[in-house]
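Biologist: Please take one part of this model and go through it closely. I would like the neighbours and the burial spelled out, with the cut-offs.

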Amino acid sequence: MSSSLSSSCKLRRRFHLNGLHKAGDVILGGLFEVHYTSVFPEWTFTSEPNQPTCKGFDTQGFRHAMTMVFAVDEINKNPNLLPNVTLGYSLYDNCGALVIGFRAALVLSSGQDEQFLLQENCMGTPPVMGIVGDSYSTFSIATSNVLGLFRLPMVSHFATCSCLSDRKRFPSFFRTIPSDAFQVRAMIQILKRFGWTWVGLLVSDDDYGLHVARSFQSDLFRSGGGCLAYSEVLPWGSDTAELRRIVDVMKKSTARVVMVFAHEIHLYRLMEEVVRQNVTGLQWMASEAWASVDVLQTPSFMPYLGGTLGIAIRRGEIAGFKDFLLGIHPNQHHIIYGNSIVKQFWEDIFECKFPPPPAGWVEAGGALCTGQEDLHDVESELFDVSNLRPEYNVYKAVYALAYALDDMLRCVPGRGPFSGHSCASLEPWQLVYYLDAVNFTTTFGDEVSFDMNGDALPIYDIMNWLWLPDGRTKIQNVGDVKESAKGEELKLEEDKIFWNFESKQPPQSVCSESCPPGTRMARKKGQPVCCFDCISCSEGKISNETDSMECTTCPEDFWSNVQRDHCVPKKTEFLSYQEPLGICLTATSLLGTFICAVVLVIFTYYRSTPMVSYFATCSCLTDRQRFPSFFRTIPSDAFQVVSQNVTGLQWMASEAWTAAAVLQTPHLMPYLGGTLGIAIRRGEIPGLRDFLLRIHLHLYDSYSDNSMVRQFWEFTFQCRFHPPPAGWMEAGGALCTGNEDLENVESEFLDVSNLRPEYNIYKAVYALAYALDDMLCCVPGRGPFSGHSCATLQTLEPWQLMHYLEKVNFTTPFGDQVSFDENGDALPIYDIMNWQWLPDGRIKVQSVGVVKKSTSKGEELTLDEDKIFWNFDSKQPPQSVCSESCLPGTRLVGKKGKPVCCFDCVPCSEGKISNETDSMECISCPENFWSSPQRDHCVPKKTEFLSYHEPLGICLTTASLLGTFICAAVLCIFTYYRNTPMVRANNSELSFLLLVSLKLCFLCSLLFIGRPRLWTCQLRHAAFGISFVLCVSCILVKTMVVLAVFKASKPGGGAILKWFGAVQQRGTVLGLTSVQAAICTAWIVSSSPAPHKNTQYHNDKIVYECAVGSTIGFAVLLGYIGFLAILSFLLAFLARNLPDNFNEAKLITFSMLIFCAVWVAFVPAYVNSPGKYADAVEVFAILASSFGLLVALFGPKCYIILLRPERNTKKAIMGRGTTKT
């Protein structure tokens, strides 16, 4: 507006807006989106910008506007509401653009009269008493920020941003649609209902979408309802590359649920890219902005959007509305500036143009509108009043304003709510008072009232998009969510929901499947808390709940079951009668008892015969097992600051209070000392202090009561100018004379040592001045504007100054360069300040560094740490972590329901390590390695085998060498006394061979001691098998020879001796031994025994053992030995009563009895012995059986040879037989 010295004003510019108007006693304004997009001219700042043009007629937006027209007409016809008052309206189209919407709001608040006279009291009826709208949250925020200063009420039907509930910021804003805060909580309830914990979020790039994104993330985290797989902002324009990137993110994500808080125009462009990339298998969740729009329900989109679940505005019914819409006609409404939205609707629906048509319209075959067209002949979504949602909110908004006006006009003078109990004088701010108290019920039965934040009672319908088999689409109501006295309630009819998946069931959308009982959650590093691995509990620990964070240790006498989901009593282990080893040992024991009884009977019967004892041994085995164990911790805290004397905090200040002196007090500095903060760049302005000292009233306009200099003077000198306020003089107050001197006053106003915001103001003024200077230095004919013209002070337009501001570049006296980038931003730079509390009690704010952004190096932080004052006893920077870093040997386990920085450090399990700080996982050691005690590195596993250096190995080696030595000694004795009857009578050749074989038996046991190698594994069993077969073969042949000799002594038995000559004896021994050699050869060739690293017994040890290769070969080897031993025992037993004073058959019987007993006990003991103990058992069996044979066969003979030589005669040996004869 422009003004002169006369008392009148006139408009300098007129906004070209699409509108619809009706006169009345009271005018209500309206802001609606009748066109959904705008085309703006290019802003070059070299010519006057053209007006933007609106494109894309929005039928639904037009219906919203006509709902307000219908409601106003209906109210005017109602004799009980606003009687004798005619409501008018002034509606404008925001064209989907903030600039146009804001222009329309300013027009509604100030009017658009060409010229008007100024009145002294500025009284009069405002252009509008209230505004219905705007449709967008961003538009409502911008508009209400300005109109709220004048308390002009706005009642929005579609703005849902939760930020609009801030009553301090938006004191006159109301809405008939629930806040996004409730919508977000409703969405989270649906997610929880279906167990969807892994979702994607898409929002529009405006206040509506960005506020929802922040609210959704915070509410989702607090509720523990899930995590965001991704969060993307949809661009406003047709940014194909950005949309392609967003769809790629959706396609690569494992989240199957996508939540979209955006407008249909955003989603339409997104779906075009979704269709192009054919991204299927997603469950879409719609916000109220697009949950019920028809433009997206197309055959090309429904294969993807079918099954969408959405939050929709409460549906209502408006009686008579359809007839009203069918009765719309251009002649019924005023056409102002040629921009009547009814006219534009008519042209859009009938595809014609009113005269004069645009150039080329008729030539292109376009029709002219006559006004005689009939809406009854047209099919349009405009007339579908079965699903009135935003329209119902518009209807309620108009009625809310009407009821508030009605209450205001019914005020009884002297009983009003305003000062002096007066009634309203039709000021907008007075209407706000009545809107706060409005309460009425619509004809549809819904109660309308506003809470303290201007929000209506929240309720939403839950909608589902059905894609029917015949190709039609349908949006059906499947539930609702509302807030009542019981809290938030969700009602959902799941049987009615259409799921656009082959299974016809709700999809699964989780980052990680729930961890079943028996496992624990291990969060994945760098990913949300919903992403985790399920790790089985270690032995001895359980988890009996789904998604357990930790496994608990079983009580002392209990152990984890196989599934690790509950504790069971530990198995008891002892040598039982029911297990194979117990059965074998019991049978052996009973067998021994029975044999003892038989021997006792025999000895009793043959009591005059010399007694021969035998040696029986029993070996006991210890089976060792190891049981791992684990550890864990939980802390919490809450606090306030000064009132609770909370110290020990390091404060970080924003630029808003870094340099605030009001906080630098002795009371607060014990707490705020050491504060680090970001401060605006400090500068110096030469001459500023002298200028401030020269400030005086006569230099400025001091006649106005609102002069800032006058108010400053009164504040500084604590006085009042004439006339003073009532009671000022009586209270002792002084009068200002104007002669006071600023130099006599101490004030921070004169402190110019720390100019920060002031320096920015200084630079801003100079930037404008330099721009003006450049503009005025323009040479006519060489200017930047149209026709190379220049700007002048007389014709100066603000947009022309913008051209020069973009190019301004100068340097301040302090040395800082000032210029602007394409966004109008100066080069960013901040000082880093430190609050220092000096020993003498003074306070100093010192610069300790800078942070800036340069074009070459990017963002740079320079910090002088030595200059920083730390307000702690240690004078060092504090530690501020939720959880201390996890040392090597531990891993991070996130605490459920807490941020990712809060975790426990759990030691790695045995066999796993972590060698870095804050490891998310423990890694398993390689095959031959095990974790160190600290679990921070892998060490070679301990090796275990039957060693020569351990006590057991030493004992067995000693026993083996002792047996070998005894055999050698006996061999020497027999060699020395080879011609005596005792040696000769017992087949000396076989005796010598038997002693050699026993010696080999003792020596072969040494092959079982020491680290197994391929040759020892192959040789040990072959040597053992061949040596024992050689030994038993000799015994067998000796027994057969004894029998043959006594058989030959009988009449007719002499012929049998020819079969038992020396050659035959040697051949029999060799043949029987060759069979065992063949068995061993076949075994080694087919499946050779080999060294084997066994880790089954102990996880932290490698037990070296010889794998037998072929169990059948080993069994055949033992079986052959057993067969020969049993055969020898039977033959010897049959020959026990042969007439001889020294019957060797008896000794063979006892030796074979010992031999068989040892090896019968060996089999179960060997099978049940782990690792090196199996080798020890086998060595023990070899030694025991060898000693048994050596003692039983050669002990009595050596006794006679060495100690009873008188019995070593042929007569003594044959005496027993002669006597009997």
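Modeller: What follows is a close look at strand β14 and the loop before it, and then at a sheet elsewhere in the chain.

The model is predicted, so local features need pLDDT of at least 70 and side-chain atom pairs count only at pLDDT 80 or more, while totals for chains, interfaces and linings use all residues. Residues are numbered from 1 along each chain as its sequence is written, and side-chain values use heavy atoms, with hydrogens and water left out.

Met259 lies in strand β14; strands here are DSSP runs of E of at least two residues, helices are runs of H or I of at least four, and both are numbered from the N terminus. With a relative accessibility of 0%, Met259 is buried (under 20% relative accessible area; exposed is over 50% and partly exposed in between, with a 1.4 Å probe and protein chains only). Leaving out residues up to four places away in sequence, Met259 touches Met187, Leu191, Val199, Gly200, Leu201, Leu202, Phe216 and Met285, where contact means heavy atoms within 4.5 Å. Val199 is 60 residues from Met259 in sequence, yet their C-alpha atoms are 7.1 Å apart.

The loop between α6 (240-252) and β14 (257-261) holds Ser253. Ser253 is also buried, at 14% relative accessible area, and touches Trp198, Ala229 and Tyr230, again without residues up to four places away in sequence.

Elsewhere, three strands form an open, mixed sheet in the order β45-β47-β46; two strands pair if DSSP finds at least two bridges between them. β45 (942-944) and β46 (1090-1094) are the edges, each with a single partner strand, so one side of each has no neighbour in the sheet. Five bridges join β46 to the antiparallel β47 (residues 1101-1107), and Lys1093 stands opposite Tyr1104 in β47.
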